[in-house]
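Visitor: I'm new to protein structures and would like to look at one with you. Could we talk about its salt bridges?

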Amino acid sequence: MINICHTSEEIEKYRRAGKILVEVRKQAAKKITVGASVLETAVFVEDLTRDLGGAPAFPCNLSRDADAAHYTPGADDTSVFGEEMVKLDIGVHVDGYIADSAITIDLSDHQELVEASKAALKSAIGVVRAGVDTSEIGAAIEKTIHEFGYKPISNLTGHGLLRYQTHAPPGIPNIPTRSGTVLCEGQVIAIEPFATDGDGKVKNASSWEIYHLTTENPVLPRIPRVRKLLREMMEYKTLPFAKRWFSGDKIDFTFRQLVKSGHIEYYPILREVTGALVSQAEHTMIVTEDGCEVTTR
Ligand code: CO
């Protein structure tokens, strides 16, 4: 069996990122109440991550209700949490070694739906070990969510994590698949079941705030204003960033220019196709010979 060897230093950085994330998640969860500012919550998460010695691996995601993923508030967002199902999805990295974890905070009185994705994550973690096929993980997730009477979101998956890469192979399905991937010892993965009382699929919405560079070493544009902004983005390598993290002249216009030139891509908000509520639970883990070490618990 292949063993992906990490030095003890690397493992330590994965663990440190996980520890920071646990503390940030705990403090942020308390802030998510009806009437609290969505933007202030996201900024709180990102600031606390830095204060504790980490860096955001991606902007704090606070997708609500039918929005399953990729929502982070923009600079002028004035929304507050209502009686909603809030997914708090946090990414922390230490020197590029990432921890990724999400919980659902239900302010909408649908606790069973929250329990479904939580229980599915627990079942999935129970089958992880070196040599397991990712399809078996998907099967465990689907079975648990079905037992609650809900559907998993079939076109969203967990993922591998590599240094400075939030979405590395393999995809970890939320349903059984025909051809999976066999996990190896030392691999770092994030498992993230989503449960819904809708159709079980998401589609791209027509708004976004999160972007990433398409390459770590882009060709620099000639226009000084565009080049300056691109240089600032390069600080994040190819990790996702929010538009609100940047300021200056003509930001919206410059972002559009950089999308057009292929320097950056955006992540549209992913919304359940029928507009149904979605819950999510996610942990990061290091695969071991006979199980896994969850870094975000
Ligand atoms: Co993730």
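Visitor: Which residue meets the side chain of lysine 243 in a salt bridge?
Guide: Happy to help! This is a predicted model. In it, a nitrogen and an oxygen of the two side chains lie 3.1 Å apart, and a salt bridge needs them within 4 Å. The partner of lysine 243 is aspartate 252.

Visitor: Is lysine 243 buried or partly exposed?
Guide: Buried means under 20% relative accessible area. Lysine 243 has 18%, whereas aspartate 252 has 43% and is partly exposed. Because its value is under the cut-off, lysine 243 counts as buried.

Visitor: How many residues apart are aspartate 95 and lysine 13?
Guide: Their side chains meet in a salt bridge, at 2.8 Å from N to O. This pair links distant parts of the chain: lysine 13 is in helix α1, and aspartate 95 is in the loop between β3 and β4. Along the chain, they are 82 residues apart.

Visitor: Where do lysine 26 and glutamate 23 both lie?
Guide: These two also form a salt bridge, at 3.8 Å from N to O. They are three residues apart, about one turn of the helix. Lysine 26 is partly exposed at 48%, and glutamate 23 is partly exposed at 27%. Both lie in helix α1.

Visitor: How many salt bridges does a search of the whole structure find?
Guide: We have met some pairs, and there is also a network of salt bridges linking Glu12, Arg15 and Glu293. For the whole structure, the search finds twelve.

Definitions and conventions. Residues are numbered from 1 along each chain as its sequence is written. This is a predicted model: local features need pLDDT of at least 70, side-chain atom pairs count only at pLDDT 80 or more; totals for chains, interfaces and linings use all residues. Side-chain values use heavy atoms; hydrogens and water are left out. Helices (H or I, at least four residues) and strands (E, at least two) are DSSP runs, numbered from the N terminus. Buried means under 20% relative accessible area, exposed over 50%, partly exposed in between (1.4 Å probe, protein chains only).
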